[in-house]
Amino acid sequence: MIDNKKVLFSGMQATGCLTLGNYLGALQNWVKLSDEYECFYSVVDLHSITVRQDPAEFRQKAKNLLALYIAAGLDPEKNCIYYQSHVSGHAELAWILNCFTYMGELNRMTQFKDKSAKHADNINAGLFTYPVLMAADILLYQTDVVPVGIDQLQHLELTRDIAQRFNSIYGDVFTIPEPFIGKTGAKIMSLQDPLKKMSKSDENPNASIFLTDDRDTIIRKFKRAVTDSEAMIKHREEQPGVSNLIEIYSACTGKSFEEVEKEFDGKGYGDFKLAVGETVADMLTPLQTRHAEILKDKAYLDGIVKKNAEKAQYFSNKTLRKVQKKVGFNEKVR
Ligand code: TRP
């Protein structure tokens with residue numbers, strides 16, 4: 001608890017271009033949650049170097065992502081928006097937690113298996129202990145809730161196991177975090193293969209809407225979206241493509257699936273796709289404008305980055321000191 005509010009932590013990696021799926025599935029939910037919780041939203045750059053990055057490009061991408069958090073509507077005066085690498089406690093706690101995590105547990109992580117298959121030439125130890133760093137992120141702030149995608153649930157389960165193991169040895173040190181899976185937009189699917197999640201790393205550029213796509217590109221991609229030959233706009237399992245478009249439209253407008261079905265009753269797929277494309281473009285255009293403005297204002301951005309890193313450092317240090325004491329490190333002479 002901070003100021004009588006429960007603590008929320010989440011983070012995103014600045015690799016690849018962010019998609020509409022990231023926005024509707026994650027960022028939009030983050031904004032909704034930011035009144036109710038004391039929020040820490042990190043650009044998790046330490047995680048990203050488990051895969052090789054080009055330094056100049058990586059630096060820019062991380063900055064873009066941080067500015068996007070703000071452009072999407074997260075008030076940096078209320079939410080702690082910061083680079084993970086600016087707060088040393090993440091790496092320090094991760095080391096300690098490494099010593100409370102078993103090889104067997106990490107070996108079972110499906111994301112590690114997937115990523116080591118994908119990066120067979122660089123299966124580094126960081127890739128293996130990635131979930132422990134994630135546990136450190138979360139536990140460092142005595143986090144109550146963690147909004148995550150379904151693909152991260154296994155990591156969150158491990159975080160809870162590590163926390164409980166540590167607590168059972170040393171007493172109540174860590175809050176045990178709960179996952180938070182958003183109701184709407186939790187899974188925006190590919191426009192080209194609606195059985196696959198929309199992914200920033202999809203090889204087919206028509207499969208994903210990127211947050212940087214301009215209006216014409218967005219509309220063109222929706223026009224090409226894969227549907228079916230049922231010729232009716234219904235949200236049902238037999239029509240995954242159309243259902244995905246309904247979900248996107250619903251997430252952008254706040255209308256229920258039934259309302260969307262009614263609105264387009266008797267209309268053709270062409271009209272419907274155009275409407276979805278225009279709605280998404282209308283939503284993203286102001287976001288893109290704000291994003292560009294924030295990036296241009298270096299003094300503003302620098303101020304936010306500094307102030308929020310200090311805030312994160314303050315709260316994380318409280319937990320870190322406690323942990324260091326519990327495991328038996330000698331106190332620093334101050
Ligand atoms: N591993 C997460 C992802 O790839 C990102 C992440 C890092 C994270 N640390 C976190 C998410 C802590 C939630 C909480 O999506």
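The following legends describe close-up views of a predicted model.

**Figure 1. The shell of residues around the ligand.** The ligand is surrounded by 13 residues, and those that come nearest are F9, Y130, M134, D137 and Q152. By character, the residues of this shell divide into seven nonpolar, five polar and one charged. Two elements, β1 (7-12) and α7 (125-139), each supply at least two residues of the shell. The element that gives the most is α7, with four residues.

**Figure 2. Polar contacts between side chains and the ligand.** Three side chains are shown, those of Y130, D137 and Q152. In the side chain of Y130, an N or O atom lies 2.7 Å from a nitrogen atom of the ligand. For D137, the distance from a polar side-chain atom to a nitrogen atom of the ligand is also given as 2.7 Å. The side chain of Q152 places an N or O atom 3.0 Å from a nitrogen atom of the ligand. Taken alone, the ligand exposes 370 Å², and the protein buries 89% of that area.

**Figure 3. Strand β1 and its partner β2.** Strand β1 is largely enclosed by the rest of the structure, because five of its six residues are buried. Strand β2 covers residues 38-43 and runs parallel to β1, with six bridges joining the two strands. Together with helix α1 (residues 20-33), strands β1 and β2 make a right-handed β-α-β unit. Strand β1 also contributes at least two residues to the shell around the ligand.

**Figure 4. V7 in strand β1.** Where is V7 found? V7 belongs to strand β1. Its relative accessibility is 1%, so V7 counts as buried; the cut-off for a buried residue is under 20%. Across the pairing with β2, V7 stands opposite E38. The C-alpha atoms of V7 and C39 are 6.0 Å apart in space, although these two residues are 32 residues apart in sequence.

**Figure 5. Strand β3 and its pairing with β2.** Strand β3 consists of residues 80-83, and both of its faces are covered. C80 and Y82 lie on one side of β3, I81 and Y83 lie on the other, and all four are buried. Strands β2 and β3 pair in the parallel sense over four bridges. Within this pairing, S42 stands opposite Y82 in β3. Strand β2 is thus shown here with β3, whereas Figure 3 shows β2 joined to β1.

**Figure 6. T143 in the loop after helix α7.** T143 is placed in the loop between α7 and β4 (145-147). Is T143 buried or exposed? At 0% relative accessibility, T143 counts as buried. A polar atom of the T143 side chain lies 2.7 Å from the backbone oxygen of I138. The helix that precedes this loop, α7, also gives four residues to the shell around the ligand.

**Figure 7. Q60 in helix α3.** Q60 is part of helix α3, which comprises residues 55-71. With a relative accessible area of 40%, Q60 is partly exposed; this category lies between buried, under 20%, and exposed, over 50%. Q60 and A14 are 46 residues apart in sequence, and their C-alpha atoms are 9.0 Å apart in space.

**Figure 8. Two residues with positive phi before strand β1.** Most residues other than glycine have a negative phi. D3 is not a glycine, yet its phi is positive, at about 50°. N4 also has a positive value although it is a residue other than glycine, with phi near 65°. D3 is found in the segment before β1, and N4 is found in the segment before β1 as well. What do the relative accessibilities of D3 and N4 indicate? D3 counts as exposed, because its relative accessibility is 70%. N4 is exposed too, with a relative accessible area of 76%.

**Figure 9. E331 in the segment after helix α13.** E331 lies in the segment after α13 (298-327). Its relative accessible area is 63%, so E331 is exposed. E331 and R321 are ten residues apart in sequence, and their C-alpha atoms are 8.7 Å apart in space.

Technical notes
Residues numbered from 1 in each chain as written. Predicted model: local features only at pLDDT ≥ 70, side-chain atom pairs only at ≥ 80, totals over all residues. Heavy atoms only, no water. Near = heavy atom within 4 Å. Polar contact = N/O pair within 3.5 Å; in protein donor to acceptor, adjacent residues only side chain to side chain. Areas by Shrake-Rupley, 256 points an atom, 1.4 Å probe, with all protein chains shown as cover. Nonpolar A, V, L, I, M, F, W, Y, C, P; charged D, E, K, R; others polar. Buried < 20%, exposed > 50% of the residue type's maximum accessible area, 1.4 Å probe, protein only. Pairing = 2+ DSSP bridges. Right-handed = clockwise from strand over helix to strand, strands pointing away.
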